[in-house]
Amino acid sequence: MRMRDLIFAGAAMSALVQPAFAKTILVAPGERAQERLQEALISAEPGDIVELGTGRFALTDGLSLDVDRVTVKGQGGLETTLDFAGQQGAGEGLLVTSDDVVLREFAIENSKGDGIKSKGADRIVYHKLRVEWTGGPKASNGAYGIYPVESRDVLIDSVFVRGASDAGIYVGQSRNIIVRNSTVVENVAGIEIENSIDADVHDNIAAHNTGGVLVFDLPNLPQMGGHNVRIFGNIIVDNMTQNFAPKGNIVANVPTGTGIMVMANRKVEIFDNVIGENGTTNIMVVGYRFPYQDVQYDPTPRDVVIWDNQHSRAGWAPQFRGGTEIAATMGGNFPAIFWDGAGGPDLRPIIQDDVMALSLGLTDINADTAAAQPVPLKRSELRPASLPAIILPESMEAVVR
Amino acid sequence: MRLILPFLACFALAVATSAASDTISEDAVMASAHPSKLSEFGFFNGEAANPSEGLIPYELRTPLFSDYATKQRFIYLPEGASITAGVDGQLIFPVGTALIKSFGYPGASGTLDVIETRLLVHKASGWVALPYVWRTDGTDADLRLGGTRVPITFQHSGTTASISYSVPNKNQCKQCHSAAGDITPIGPVWQNMEFPRKGDLQRISKMVPTLKRLKPFARWDGGGDAELNDRAMQYLKINCGHCHASKGSASNSGLFLDGSAQDSASLGIGKRPVAAGRASGDLDFIIAPGRPDQSILITRMESTDPGIAMPELGRSTVHTEGVNLLRAWIAAMPPNTY
């Protein structure tokens, strides 16, 4: 085949791949940014790209996207900023409610509620985004930075979140999730996977939060029974920012100085992480110890595997009821790994890490932590069968490749 | 000229007898492109104060609170078309229907200064939400898919309030008018509707005879001798239940205020917040029975901060009377052990 034919064939191929009418809608910062950008998000058609120019968009209200297969693309996380300091309405900066959406290379600053929320938005890709409350940790900051919920197939890759008064990256009531290559600092929770099924959290940095990575299951929600979560290859260090979540939120109960916290979830694997400089503990596995009414809810964590993690200092300032007393009995330091004992010995986590691990012996889910009967947990040598890796549709991986 | 006058008289007579969709353009309603001017539909004769005779005006016993705005609601039914209804009283409209709602505040001369008119148009492809904003001279309204804000000053209970009135964008319309991702009407539920124009009630009752068996819902503001619980539940259903429903925008909260809650936690009683963030206001429960001051539901209704306020859209003032109703409702609940 001659060169010219090759080029022609290539052009024909890309014409097939590109939807025939796909177009790029350019939006620059400046006057009436709110209305121009929102109108672009409304008038976009499937396959279109809404491209944000360089600079700062001064916005007065939440934005929303409800068209399938739209890409919203900026010029970079430092170059294109959606500034919500003057926001007067809506619960988040950007709300996505359609499928196959790609959000990439822009920033959201100082939204009054959540940063970016996607609800019922399947196959969404968050890539190279920055969500930041620029004043640092404050109770008046919005709750979640990146917030996919009730979605199937979620990819969060190479994002940065700072200052969320709940969780920097929060995935709720979703399925088939990857959170990777991202950095979360100075949030209450760095990354939180809640009431979700099948998630990989890997190669992230969670530093200077109150708690680095949380895996929770809560009652009274449409999707419960969170399970199959792998946390691996992350750096989870120095999560010593004093908890600044408003009381009443579940994360307000996360002790300052927590590396990884698993609550009431099952089938969770924690391996190959570097975890340290967390004043309460590096890894805690606990039951849901609050009153609730929900016959379908299981408050105990189970089938948790902790393997091959690298630990440094932990437990010098345990921030929960009874923590200091337990630490005193152990020579002043709380262990790097602990389990509250919920449900009794059959449900104990399988631990191979070469650090002190403790059970608080609180078999009864209603027992007070101050009544702990601490006993060391034995190390395991036989690793249970591993959970399979999460695989997302190839079209999603192609976006970030 | 003498010939023309009788001709015009005949024409006027014909209009009067044909339920008068004289000026209304069915083509505009059915078109796939959205008309850029409201006048293209012909729903109003020049200005918002003059609705076409072809529209059916209706009112709601319990309305959604929208910053004390006065609302005028109309149904446009295409020529010869008929309404049906679900067993729950939800009216089901044929393709070609438009639901029309104007929002405004009383002007200096006692007339209504209309700001915007929102349409829900039932096209062959489904319902479409279209916000139109009236020009300052009141001659026509322009489509504003991206929404806008309008500074408004109004009087309520002897005090003057100045707000940044929010005209929702097309997506925000859908946030409330959504069931499992599709746009749907919310307001037209028979038990909550009233028809002020003579003959309309009979006309619709004739289309759906079963509706007459349904008992009217309580009025939130206590018209009649409705029980406190009925009034509060009705207020919650109309003001919160469109999102807080199993297929609504707030389905993930597990808080269901549309009347579907099967247990007290789903109604918020003793339920802890999930994704409320700072909106929890240092409180533990959505509803703490007997303790309105300790209930997140109340603090969110009393806030106008966009990160806290509920409902999230269309409210920049506090609905004091609505808050008072729900405070009384929660205060009357027997406190439990939480």
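Chain A and chain B meet through 42 residues from chain A and 40 residues from chain B. Keep in mind as you look around that this is a predicted model. Chain A averages a pLDDT of 93, and 95% of its residues score at least 70. One stretch deserves some caution: over residues 6-16 of chain A the pLDDT is below 50, and beyond near neighbours in sequence this stretch has one contact in the model.

**Where the two chains touch**

- On the chain A side, helix H2 (33-43), strand E4 (61-65) and strand E7 (89-96) each supply at least two residues to the surface that touches chain B.
- H2(A) gives the largest share of that side, with five residues.
- Sorted by class, the side of chain A that touches chain B has 13 nonpolar, 19 polar and ten charged residues.

**The two domains of chain A**

- The domain assignment splits chain A into domain 1 (22-132) and domain 2 (135-386).
- Their C-alpha centres lie 31 Å apart.
- Where these domains of chain A meet, 23 residues of domain 1 are in contact with 22 residues of domain 2.
- Strand E10 (114-119), strand E11 (124-127) and strand E12 (130-132) of chain A are the elements that give two or more residues to the domain 1 side of this contact.
- E10(A) contributes the largest share of that side, six residues.
- The domain 1 side divides into seven nonpolar, seven polar and nine charged residues.

**Strands and sheets in chain A**

- An open sheet of ten strands in chain A, with parallel pairing, runs in the order E3-E6-E9-E12-E15-E18-E21-E24-E27-E30.
- Its edge strands are E3 (55-58) and E30 (310-311) of chain A, each of which pairs on one side only.
- At the E30(A) edge, strand E27 (residues 274-276) of chain A runs parallel to E30(A), and two bridges join them.
- Within that pairing, Val274(A) stands opposite Gln310(A).
- Elsewhere in chain A, strand E20 (residues 197-202) and strand E23 (residues 227-232) pair in the parallel sense over five bridges.
- To find this pairing on screen, look for His202(A), whose bridge partner in E23(A) is Phe232(A).
- E23(A) is also joined by five bridges to strand E26 (residues 266-271) of chain A, again in parallel.
- Here His227(A) has Arg266(A) in E26(A) as its bridge partner.

**Positive phi angles in chain A loops**

- Arg69(A) is not a glycine, yet it has a positive phi of about 55°.
- Arg69(A) sits in the loop between E4 and strand E5 (71-73) of chain A.
- With 18 other C-beta atoms within 10 Å, Arg69(A) is partly exposed.
- Asp308(A), also a residue other than glycine, has a positive phi near 55°.
- Asp308(A) is found in the loop between strand E29 (302-307) and E30 of chain A.
- Asp308(A) is partly exposed too, with 13 other C-beta atoms within 10 Å.

**The two domains of chain B**

- Chain B is divided into domain 1 (20-213) and domain 2 (228-331).
- The C-alpha centres of these domains of chain B lie 26 Å apart.
- In chain B, 19 residues of domain 1 are in contact with 16 residues of domain 2.
- Strand E10 (159-167), helix H3 (170-176) and strand E11 (178-179) of chain B each supply at least two residues to the domain 1 side.
- E10(B) provides the largest share of that side, four residues.
- The domain 1 side in chain B divides into eleven nonpolar, seven polar and one charged.

**Helix H5 and a cis proline in chain B**

- Helix H5 (residues 228-239) of chain B has twelve residues, so at 1.5 Å a residue it should span 16 Å; its end C-alpha atoms are 16 Å apart, which agrees.
- H5(B) is largely enclosed by the rest of the structure, because nine of its twelve residues are buried.
- Among the buried residues are Arg231(B), Met233(B), Tyr235(B), Leu236(B) and Ile238(B).
- Helix H7 (320-331) of chain B is one of the elements that cover the buried residues of H5(B).
- The peptide bond from Met310(B) to Pro311(B) is cis, with omega near -10°.
- Pro311(B) is placed in the loop between helix H6 (296-301) and H7 of chain B.

Methods: Residues are numbered from 1 along each chain as its sequence is written. Chains are lettered from A and ligands numbered from 1 in the order in which they are written. This is a predicted model: local features need pLDDT of at least 70, side-chain atom pairs count only at pLDDT 80 or more; totals for chains, interfaces and linings use all residues. pLDDT is the predictor's confidence in each residue, from 0 to 100. Two residues are in contact if their C-beta atoms, placed from the backbone, lie within 7 Å. The expected span of a helix is 1.5 Å times one less than its number of residues. A residue is buried if 20 or more other C-beta atoms lie within 10 Å of its own, exposed if 12 or fewer, and partly exposed in between; C-beta atoms are placed from the backbone. Ala, Val, Leu, Ile, Met, Phe, Trp, Tyr, Cys and Pro count as nonpolar, Asp, Glu, Lys and Arg as charged, and the others, Gly among them, as polar. Domain bounds come from an automatic or database domain assignment. Two strands pair if DSSP finds at least two bridges between them.
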